[in-house]
Amino acid sequence: MMSWEKDSGSGVPITVAYGDGIGPEIMKATLKIISAAGARLKIEEIQVGEEVYKRGISSGIEPSAWESLRRTRVFLKAPITTPEGGGYKSLNVTVRKTLGLYANVRHCPSYYPFVSTKHPKMDVVIVRENEEDLYGGIEHRQTGDVVQCLKLISRPGSERLIRYGFEYAKRYGRHKVTCFTKDNIMKMTDGLFHKVFDEVAKEYPDIQSEHWIVDIGAAKLADKPEDFDVIVLPNLYGDILSDVAAQIAGSVGLAGSANIGNNVAMFEAIHGSAPRRAGQNVANPSGLLLAAVQMLVHIGQGDVASRVHNAWLKTIEDGIHTYDVYNQETSKKKVGTNEFGDAVIERLGLKPSVLKPVDYPSRSEPIKVVLKSKPKEKKELVGMDVFLDWDGDPNELGKKLEKITSGNLKLIMITNRGTKVYPGGLPETFCVDHWRCRFQASGREASIKHEDFIDLLSKLVGSGLPPIKTEGLYTFDGVPGYSLGQGQ
Ligand code: IPM
Ligand code: MG
């Protein structure tokens, strides 16, 4: 059942959180505009963020709020403040990951000539992976010198996001999907994302596809954003580049964000809670309002979405601007949050004349993607990486470890922060107290027994070199599932 099918005349149930900082002001303005436009909603209010954290709930959200989200399956959320320091996890990320909101859609068009930009023709849609990557937030301090954060990329996680990007392009008549990764360095994680992109792209022959390494891709995006259409990318690059895209289009204050899952969706502005601007009636409600437009399309109220969006475009075109986009050449009047909201309401029913009006289908099904299943490969253990906390010289460590063997496992190499330092390291390589020691069977990719693995670990402990972490080295249908050491 689609969420809008629950509209029984009294409105579609949605969950609303007013948030922190400028949140309450922009949410009030947004709700006032969409209800004036005829949105048929039944609002359940929940509290998340600062207040809840302060009550000692480190997740920032209470069980009753989860119940509301699972009941309505539609969440309009104002920005919230995550308290600084350890111990608090970002509520945004918690909601996205817990509810499986895998696709984060951020439309960044230019509103030239009414909002100043160096890129009058740009019209980019960022489709950002929303659950994985470094946002797993799995971090550990392992030695005095070293902390680590695990970067996790999965095939299904990549596939559903990338398929969503292509389906989005198809639905909205966009002609190209670009993928950004750094797979010249992260050959396995970003490499998987790129590989899945190439596989999925083949199923959409009518849509152009291309891949850029993210550094040069980002430089091109900042220089010539009009060359891009839909961009799919892993979580962290998507976080960074959606702010860049929104800002060069005009302002981060203008972009809305839809977080889409199979069951639930959350709509929010891409900017934060801006506590310094709070309570002054200056904040721009446009980011949240455009997120609410995406929400109305999602729940099958495309007619209302078009009315709101067109009135908003007309307001921007009439030069009625909040401080963040106001400039002397293109603006006519600088207004506060409430006045801006009222100006949009006055224009309901009007369309822009220079900017392109929107026309959303009045009742559309949310985009759904279906994953292709892959046959399971044969997984074999062929060695292990043991990480040690040790102060000293790599050659000394190498000599010690050469003597420790188990079954046919023996030391192959030692790296420090990924660079090979033994055997045959260079004295110039800077080393910290964190060593990755690779043990493999003597024959090439020969399989080993888990018992050898355990035995090696106890011998290491017995020699005063207790492991701080281990990673199994596996092959999948004979293909190594681990990277080489830098310089190996
Ligand atoms: C965003 C924000 C969030 C993110 C923060 C607030 C956790 O920057 O929505 O882009 O990093 O995803
Ligand atoms: Mg961000």
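A cavity is a set of grid points inside the protein where a 1.4 Å probe fits but cannot get out. Keep that in mind as you click around this predicted model.

**Stop 1: the hollow.** By this rule there is one cavity of 30 Å³ or more. The largest cavity has a volume of about 50 Å³. To see what surrounds it, select H107, C108, P109, Y111, A246, A249, S251, L254 and A255, which line the largest cavity.

**Stop 2: the elements around it.** Now colour strand 4 (103–109) and helix 8 (235–249), the elements that give two or more residues to this lining. Which one gives the largest share of the lining? That's strand 4, with three residues.

**Stop 3: the chemistry.** Try colouring the lining by residue type. Seven of its residues are nonpolar and two are polar, while no charged ones turn up.

**Stop 4: a cysteine in the lining.** Zoom in on C108, one of the residues lining the largest cavity. Is C108 buried or exposed? C108 counts as buried, because its relative accessibility is 1%, under the 20% cut-off. Next, add C179, which holds the closest cysteine sulfur to that of C108. The two sulfurs are 18 Å apart, so they are too far from each other for a bond; a disulfide needs them within 2.5 Å.

**Stop 5: another cysteine.** Jump to C431 and show C437 as well. The sulfur of C437 is the nearest cysteine sulfur to C431, at 11 Å, and C431 is in no disulfide. C431 is partly exposed, with a relative accessible area of 26%.

**Last look.** How many disulfides does the structure hold? Zero.

Notes
Residues are numbered from 1 along each chain as its sequence is written. Chains are lettered from A and ligands numbered from 1 in the order in which they are written. This is a predicted model: local features need pLDDT of at least 70, side-chain atom pairs count only at pLDDT 80 or more; totals for chains, interfaces and linings use all residues. Side-chain values use heavy atoms; hydrogens and water are left out. Buried means under 20% relative accessible area, exposed over 50%, partly exposed in between (1.4 Å probe, protein chains only). On a 1 Å grid over the protein atoms alone, a cavity is a set of points where a 1.4 Å probe fits but cannot get out, and a pocket is an open set with protein on both sides within 12 Å along at least five of seven lines; lining residues have an atom within 4 Å of a point. Grid points are joined across faces, edges and corners, and a volume is the space filled by probe spheres set on the points. Helices (H or I, at least four residues) and strands (E, at least two) are DSSP runs, numbered from the N terminus. Ala, Val, Leu, Ile, Met, Phe, Trp, Tyr, Cys and Pro count as nonpolar, Asp, Glu, Lys and Arg as charged, and the others, Gly among them, as polar.
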